[in-house]
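User: I should like to learn how to read the features of a protein model in order, beginning with the overall fold and ending with individual residues. Could you guide me through an example?

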Amino acid sequence: MKVLIYGASLNPQRYSYLAAQMLHKKGHEIILVGIKKGELLGSIIHPNDWIEDDVDTVTLYVGPQNQDGLLDYLRKLKPRRVIFNPGTENEKLKISLEKEGILTDEACTLVLLQTGQF
């Protein structure tokens, strides 16, 4: 499954970093999108407007204050679902995505992976 991590970080103390490691370890193809350039687990961190084909899931690691333009981006990306991790919840964005036919989930990606619910 192709998973895009929006808000990817090279900081090992960030949840997005831990999610990238766990997703990679479990065999998911990860696409990293963030504001700082770099490479993690052999994947380049792409700019915030990066479009990738066939993304199944987007897992968000940016708070609502940094989500301007995210709806338009996600419309172009066309993922099957978007996971709002703790601290990223945005009811307006969630409703808009659901109107577009994109599934949403307010959950922790790390917990979903650890419990086999991902």
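The dialogue below goes from the whole chain to its largest pocket and then to two residues.

Analyst: Please keep in mind that this is a predicted model.

User: How many helices and strands does the chain have, and which pattern do they follow along the sequence?

Analyst: One begins by listing the elements and then reads them in order. Here there are four helices and seven strands. From start to end of the sequence, they are arranged as β-α-β-β-β-β-α-β-α-β-α. The radius of gyration is 13 Å, close to the 13 Å that the globule rule gives for 118 residues, so the chain is as compact as a globular protein of that length.

User: What box do the C-alpha atoms fill, and what share of the residues is buried?

Analyst: Along the principal axes, the C-alpha atoms occupy a box of roughly 35 × 30 × 25 Å. Of the 118 residues, 50% are buried. The chain exposes about 6700 Å², and carbon and sulfur atoms supply 48% of that area.

User: Of the contacts between residues at least 6 apart in sequence, what percentage joins residues at least 24 apart?

Analyst: That share is 54% in this chain.

User: How should I describe the largest pocket: what is its volume, and which residues lie nearest its centre?

Analyst: A description gives the volume, then the lining, then the chemical classes. The largest pocket holds about 610 Å³ of space. Its lining comprises 23 residues, with G7, S9, R14, Y61 and V62 nearest the centre. By class, nine of the lining residues are nonpolar, 12 are polar and two are charged.

User: Turning to single residues, is A19 buried or exposed, and which residues does A19 touch beyond four places in sequence?

Analyst: For a single residue, one states the element, the accessibility and the contacts. A19 belongs to helix α1, which spans residues 15-25. Its relative accessible area is 0%, so A19 is buried. Leaving aside residues up to four places away in sequence, A19 touches I5, Y61, T109 and L110. Y61 is also one of the residues nearest the centre of the largest pocket.

User: Where does H46 lie, and why is H46 classed as buried?

Analyst: H46 is found in strand β4, residues 43-46. H46 has a relative accessible area of 17%, and it counts as buried because the cut-off is under 20%. With residues up to four places away in sequence set aside, H46 contacts I31, L32, V33 and G34.

Terms used. Residues are numbered from 1 along each chain as its sequence is written. This is a predicted model: local features need pLDDT of at least 70, side-chain atom pairs count only at pLDDT 80 or more; totals for chains, interfaces and linings use all residues. Side-chain values use heavy atoms; hydrogens and water are left out. On a 1 Å grid over the protein atoms alone, a cavity is a set of points where a 1.4 Å probe fits but cannot get out, and a pocket is an open set with protein on both sides within 12 Å along at least five of seven lines; lining residues have an atom within 4 Å of a point. Grid points are joined across faces, edges and corners, and a volume is the space filled by probe spheres set on the points. Ala, Val, Leu, Ile, Met, Phe, Trp, Tyr, Cys and Pro count as nonpolar, Asp, Glu, Lys and Arg as charged, and the others, Gly among them, as polar. Helices (H or I, at least four residues) and strands (E, at least two) are DSSP runs, numbered from the N terminus. Buried means under 20% relative accessible area, exposed over 50%, partly exposed in between (1.4 Å probe, protein chains only). Contact means heavy atoms within 4.5 Å. The radius of gyration is taken over C-alpha atoms; the globule rule is 2.2 Å times the number of residues to the power 0.38. Accessible areas come from the Shrake-Rupley method with a 1.4 Å probe; for residues, only the protein chains shown count as cover.
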